[in-house]
Structure formats: structure tokens, C-alpha cells
Protein chains: 2
Amino acid sequence: MKRQKRTTIYDIAQRLNIAASSVSRALSNSNKVNAATKALVLKTAAEMNYQQNAMAANLRKGNNPTIGVVVPRINQGFFSNVIAGLEEITYKKGYNLIICQSNELHAREVDCVNALINQHVSCIVISIAAETGSYDHLQQVLDRQIRLIQFDRVVEELDTFKVINDNERASYEAVTHLISQGYKRIALLEGPQHLDIFRQRKDGYITALQKHGFPILQELMIENAWTKELGAEGTAQLLELPEPPDAIFASTSDFSALGVLEAATAKGITVPESLGICGYSNEPFTEITSPSITTIDQYSMSMGKTIANLYFQEMEVFDLNIEPKIVSIKPKLIIRKSTQKI
Amino acid sequence: MKRQKRTTIYDIAQRLNIAASSVSRALSNSNKVNAATKALVLKTAAEMNYQQNAMAANLRKGNNPTIGVVVPRINQGFFSNVIAGLEEITYKKGYNLIICQSNELHAREVDCVNALINQHVSCIVISIAAETGSYDHLQQVLDRQIRLIQFDRVVEELDTFKVINDNERASYEAVTHLISQGYKRIALLEGPQHLDIFRQRKDGYITALQKHGFPILQELMIENAWTKELGAEGTAQLLELPEPPDAIFASTSDFSALGVLEAATAKGITVPESLGICGYSNEPFTEITSPSITTIDQYSMSMGKTIANLYFQEMEVFDLNIEPKIVSIKPKLIIRKSTQKI
DNA sequence: AATAATTGGGCAATCGATTGCGTAATAAAA
DNA sequence: TTTTATTACGCAATCGATTGCCCAATTATT
């Protein structure tokens, strides 16, 4: 049994004995067709179960109302929320969303971007993979005059639209909060420093300490502690110090904060009394650990909406020579039990 | 400044003074072109920064290597995991993924499906919205000879491929486990009964009780308790009974189980000693509540992979008249502290 | 009544790639 | 050397919709 042909505007035209162009105009509600014919076409189209072939239409029109999204991992709270926010807006505009995940691999990210270029998407929204690499693929996007919006993990030197969190500020506030609670030796679990966001968080940490006259101690900064396991390891390491910290800011993620909490609890160290803990991201679980974990909310869903709105308001219609904008969203410190010493 | 034209096979053909068809053949590695020309074309294409226009190619070839996905919510652990699993496989096959969310709304689901039909996707993967509605839109998909795979929340009467969890079995095992722990009055928080999965879970509950000679008590079954808040409300209601239950199976989700846990804790009822709690889905947080919550893992990521493999192995190449298959994945009971009375 | 303006609709090119068919040039077979 | 087979490539139609341009019929204007 062979595939049955789908009805096209030509089928409708033939049935009604008019030209295909008229059918097209009727369907797109052009004012170059008589109201009566328009109605007739619409009725017939429905009868014949017509559905437009978007590939043909987009090819002819030379644009594809689709936004491509590349994220490290689709199933990670933050990213899936951003995508949900994006979808919320793009859906209303009749845009489609093509989703890819880089799995934190540079090569795969390049592949994804190329696939999206092939698809002639109108815009590519990306948060880059942790694996370092060149940015040629992103330059390619720009060279091809495709809109590009970077978010969260961005390549600073690339002159594109960016939607980011003010990581430094958030980090600064978190550390300031810890200080205000009376913590004196505050450690930092840091993420890969080739990624902006982690550098910024470290900067915020340092600035806050300096501002309050605290020394910056290398021994209190643990590199690359961005999973639960590494968070626990880092904590073990910190607690072995001659002068262990009395607070740990897990600037990488709530997962590493969870690792800290578990490691501390296992050692019989009470939180928040003997050790304050602050995470990053406001993952749902931070609310229900015991004690609940102080963290930073990134407004992930609204970040997705912001990205989409940026595209529709500034990039869809205007010409390409607009000045790229950087939208910085101030994350919110959510104070919970894990840092409430007072 | 106007948009610069992208290079096409014609541009390459012109530059090399050969026919576009030869360029096309060279690029698709056809054996109808000389190796030398092939190399030359490839080199020139790279030089000219050529990227295929997928819309044109797909239009001509009459197929679009894209799978459309419609889920109630993208940012929900289970669904985002399924999508991640799907992507893992489709990426390797060079397929794209278009993602839509129905937001549990029937009208929106219909919209999404239509958009996917317009896009001429090769396959639609869907988990239907909670809002009841007709299934015309899915029938449309079948009528148009587009492959359709339902998963998790499926419409039983529609004869399509289905990938589901054996909800009844999982539910049966959970309740049996509760019984084996010595719980005597086991309550059920149930989901909307017009959705299969929730009916099946209820069936499993009833079967388990009957098998072990327990009475089926209407008062112990709370309808529509599928959020954290409703779970807490249902719990409050149950605990007011003259003979309150000593275990609650939140068959709807871990979120409602969390509601149960919070409501019970608030009332000073100890878990698992005075009240056993079992959830459903194995959301990450169930591991870190105190006590940790017994739940059921649905292998969500591998479910996504299963769906993709089903498509590539059985539906991509063969003709349309294959017998739709139902793949049932047996979920796994994860026993944690919240039910370990013994 | 004659001319101008408007309306409705058809023709055919176009978007960019793919592919069936035809054929010249070359290689192999007789 | 002639005939047949093979190889490499070009021509042109095609996928399905959109759109600029042109023209006939109708309506408005003088």
C-alpha cells in the first residue's frame, strides 16, 4: 500500500476550477480575493482535509518561523524551565521550537548548531557547553545573518544579544548575607573558571569578603566542585583544615550544596549552627531538605520568556544592524534555614 | 543593509562550471560522479561556506527527518527526561526534534498537533493532556499516514504504537510492599480517572488489597489529589476519619506524597512508624526528604530511548500496515525509609 | 457616453535541492 | 576496428506554496 498523496492547493484549485494562486490568497486571507471565493475555498479546504505544507511555504517565503535551542542538558531544572518559558511565548507567535542538547560536548554543540543552520531557523538560542572549544560555530551563525541569543553561559567576547543573570551581584549578596549572620570563615565551591558565570560568582564572593574586611584565603576556595559528589569531597577536604570554615557557599549548584549538607551531617556537624550552607539555582528540593537550603533563584522560566520577547520585540522585524543588547536579570537570594544562625 | 544571499548549489555549480545536479550528487556522495569532481565540489563548498537548505531538500524528497513531541509540560522531571532520552537517539540518526507543550489543555494540544502536521514531521510522539477532549486530532494524524507513538498517558481505544509503564503492576507491588510492612489500613490518593494511567494504578491498589484479603473502603480513596497541596488536603481529610489510615499511597505523584509527608509531620504523626507513605515517579527530591520517600521509578530517560528505537526499528522503513505494538516497561519500586516500619 | 479607477483573479517565475532520463566520452568486449 | 557497456555529467521536471505582473470585468468619475 503506498502513501496516499496529501491534498495541496492545486487539488483545491482544480476542484473549484480556479487558479492555485487564488486558493493561496484565500487561505492567507489576502484582500485580493472576493469574499465569496474566500469562503468557498475555506470550506472546500476543510472538506478536503487540507493542511498547508510548511516546508514549501517557508522555502518560498525564505524564512522559517522556528527558533532553535541548544542547551547542555534538556532535563536539568534550570534549562527545562527556560525552554518552557520560551515555548510559552513562541507558541503564541506561531513559532516552532527545535531543541538540541550538547551534553556539555563541544563537538556535539557544533553539530547541533549546523543542523539548525541547515533548517534555516530564524534564531538560535544557546547556552554553551562546559567543554572548552572554539567559537567558530557561533561566528558562523552570525556570518549567516541568523539571529543569535546567548543565555546564562555566554561567550563574552562574541558580540551578540545576551540574557544573563547578574551572577556577581547574586553571589555578593549571598556572601554578604552569610557575613551578616555572623559567619567568619566562608569557603567557596567554585565551578570551571573558563565559564563566565562561575568566574563572576567567584568575583562576587571575593568582592563581598573584601568589602567587609575579610581575608581572601586560597585554601578556602575549592576548584571544580559542581556535582553532589564533588561537593561532598570538597567539604570533607575543607573540614580537615586546621582552621575549617564555618560556612560554605556552593556557588556551582544546589546539587553540590546538597553534597555539602550530607557530608556535614554525616560528620555530625550541625547546620546552620556550626556550618552555614548556601547553594545556587533554587532547585525544588532545596525547600525540603532538612534544614532547608538557602539558595539563589534565577527566575529560569521568566528568563525563557525574556529571551523570546527579546527576539520578537527587537530582532524579528528590525534590520540586522541593531546594537546587541545585554539583559541582566537580578537573581533573588532565598534565605532558608541552612544559613539562619541568628 | 539587506540580507546577503546564502550560497546554494547553483553558486557552486557556476563557480566550477558544472551542473547543479552534479553538485548535488557530489554532496550526497552519489556514485554517479567522478571522485575528482566530488573532491573538488566538497572543497569549493567548504570554501564558499555552503550549508544545505534543509527545507528545499526535504520538500523535494517529500519527507522531513523530524520527530514532533507533544507533552503536557516540558519542565516536569518525567517529561524532560523522556525528551532527553528521545534526543539522545534521534540526534545520532540525524533527526530533529520539535517540542511543544500542551499545558494540559486540549485546545492547545490540538494546535500543536496541527502545527506538526504542517511541518510534515515523520512521527509524532505524544502524552495527552489531562483535560478531556475528543481524539479527532490524533485520528487526523493517523489518517495522514504520519506515524504516531503515544506514551505514558495514552488513549487506549486508538490503535497506535504505545510505550507505557505497567502502572497496575507497579501499583500492585507498592501496595503489597506496604502490606508486607504490616500496614493495615492503606489509603489511596488517586488521579483523574479518565486517564488510563490513574485508573490502572487504582486497579493495582484494589487487586493487591483483595489478594491479601483486605476490604476495599471507599472512604480511604481520595479523588483527584495530584498536587502537593491536594495531597496535603487529602491527608488532613483522611486523618480526621474515625478510623484513620496507617499508610497512604500517593499514586498520583511524588509531589502529592510530599504533601502527605508535610501534612503528617505538621500533625506530629511519625513516618514511617504511624504512617507509611509511598509516592510515584521517583522525583529527585524523594531521596532527600526526611524520611526519604518510597516511590516508583519509571525509567523515564530510557522510556524516551525506547520510543525512539521503536520508531527507527519498526516504523521508519517499513510500510504503514504494520501491527501497532505496545511496549510496556515495568517500573521499579524503590523502597526507602517512609515505608520501612519493620 | 466615454474614460479612469478599482477589483478579482490568472499566468508563470521562484525558493533550493533532488532525480529520472538522455547522451557524449571513454573503456571493454567481440 | 566495430560494437557494446560503463561512466560521468547535463537537462529539465518536480516538490507545494507564494507573489509580481498583467488583464478582464466591473464600478466610479467627469
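At the start of α1(B), a side-chain oxygen of Thr8(B) reaches to within 3.1 Å of the backbone nitrogen of Tyr10(B). This contact, like every other feature described below, belongs to a predicted model. The helix α1(B) is followed by Asn17(B), a residue whose phi is positive, near 65°. Tyr10(B) also takes part in a contact with nucleic acid, since one of its polar side-chain atoms lies 2.8 Å from a base nitrogen of DNA strand C. The elements that give two or more residues to the surface near DNA strand C are α1 (9-16), α2 (20-27) and α4 (54-61) of chain B, together with α2 (20-27) and α4 (54-61) of chain A.

The surroundings of DNA strand C comprise 25 residues, of which the closest are Ser22(A), Ile9(B), Ser24(B), Arg25(B) and Arg60(B). Of the atoms of this strand that come within 4 Å of the protein, sugar and phosphate account for 54%. From chain A, Arg25(A) places a polar side-chain atom 3.1 Å from a base oxygen of DNA strand C, while a polar backbone atom of Asn34(A) is found 2.8 Å from a phosphate oxygen of DNA strand C. Among the contributing elements, α4(B) gives the most to the surface near DNA strand C, with four residues. When the residues of that surface are sorted by class, nine are nonpolar, ten are polar and six are charged.

DNA strand D is likewise surrounded by 25 residues, and the closest of them are Ile9(A), Ser24(A), Arg25(A), Arg60(A) and Ser22(B). For DNA strand D, 55% of the atoms within 4 Å of the protein belong to sugar or phosphate, and the rest belong to bases. The phosphate oxygens of this strand are approached from both protein chains: one is 3.3 Å from a polar backbone atom of Asn53(A), and one is 2.9 Å from an N or O atom in the side chain of Thr37(B). A base of DNA strand D is contacted as well, with a polar side-chain atom of Ser21(B) lying 3.1 Å from a base nitrogen. Two or more residues are given to the surface near DNA strand D by each of α1 (9-16), α2 and α4 of chain A, and by α2 and α4 of chain B. Here the element that gives the most is α4(A), with four residues. The class composition of the surface near DNA strand D is nine nonpolar, ten polar and six charged residues.

The packing of helices was examined next. Two packed helices are described by the angle between their axes and the distance between the axes. In chain A, the axes of α1(A) and helix α3 (residues 35-47) come within 10 Å and cross at roughly 120°. That angle makes α1(A) oblique to α3(A), and the crossing of these two helices is right-handed. In chain B, helix α10 (residues 228-239) and helix α11 (residues 254-266) pack at an angle of about 45°, with their axes 7 Å apart. The helices α10(B) and α11(B) are therefore oblique to each other, and their crossing, too, is right-handed.

Backbone geometry forms the last topic. Most residues other than glycine have a negative phi, and most peptide bonds are trans. Against this background, Asn224(A) has a positive phi of about 50° although it is not a glycine. Asn224(A) is found in the loop between β7 (221-222) and α10 (228-239) of chain A, where it is partly exposed, with a relative accessible area of 42%. A positive phi, near 55°, is likewise found in Asn103(B), a residue other than glycine. The position of Asn103(B) is in the loop between β2 (96-101) and α6 (106-118) of chain B, and this residue is buried, with a relative accessible area of 13%.

Cis peptide bonds are present in both chains. In chain A, the bond from Ser290(A) to Pro291(A) is cis, with omega near 0°, and Pro291(A) lies in the loop between β9 (276-278) and β10 (295-297) of chain A. In chain B, the bond from Ser290(B) to Pro291(B) is also cis, with omega near -5°, and Pro291(B) has its place in the loop between β9 (276-278) and β10 (295-297) of chain B.

Conventions. Residues numbered from 1 in each chain as written. Chains lettered and ligands numbered in written order. Predicted model: local features only at pLDDT ≥ 70, side-chain atom pairs only at ≥ 80, totals over all residues. Heavy atoms only, no water. Near = heavy atom within 4 Å. Polar contact = N/O pair within 3.5 Å; in protein donor to acceptor, adjacent residues only side chain to side chain. Nonpolar A, V, L, I, M, F, W, Y, C, P; charged D, E, K, R; others polar. Buried < 20%, exposed > 50% of the residue type's maximum accessible area, 1.4 Å probe, protein only. Axes fitted to C-alpha atoms, helices over the stretch in contact; angles between N-to-C directions. Parallel < 35°, antiparallel > 145°, perpendicular 65-115°, else oblique. Left-handed = near helix turned anticlockwise from the far one by under 90°.
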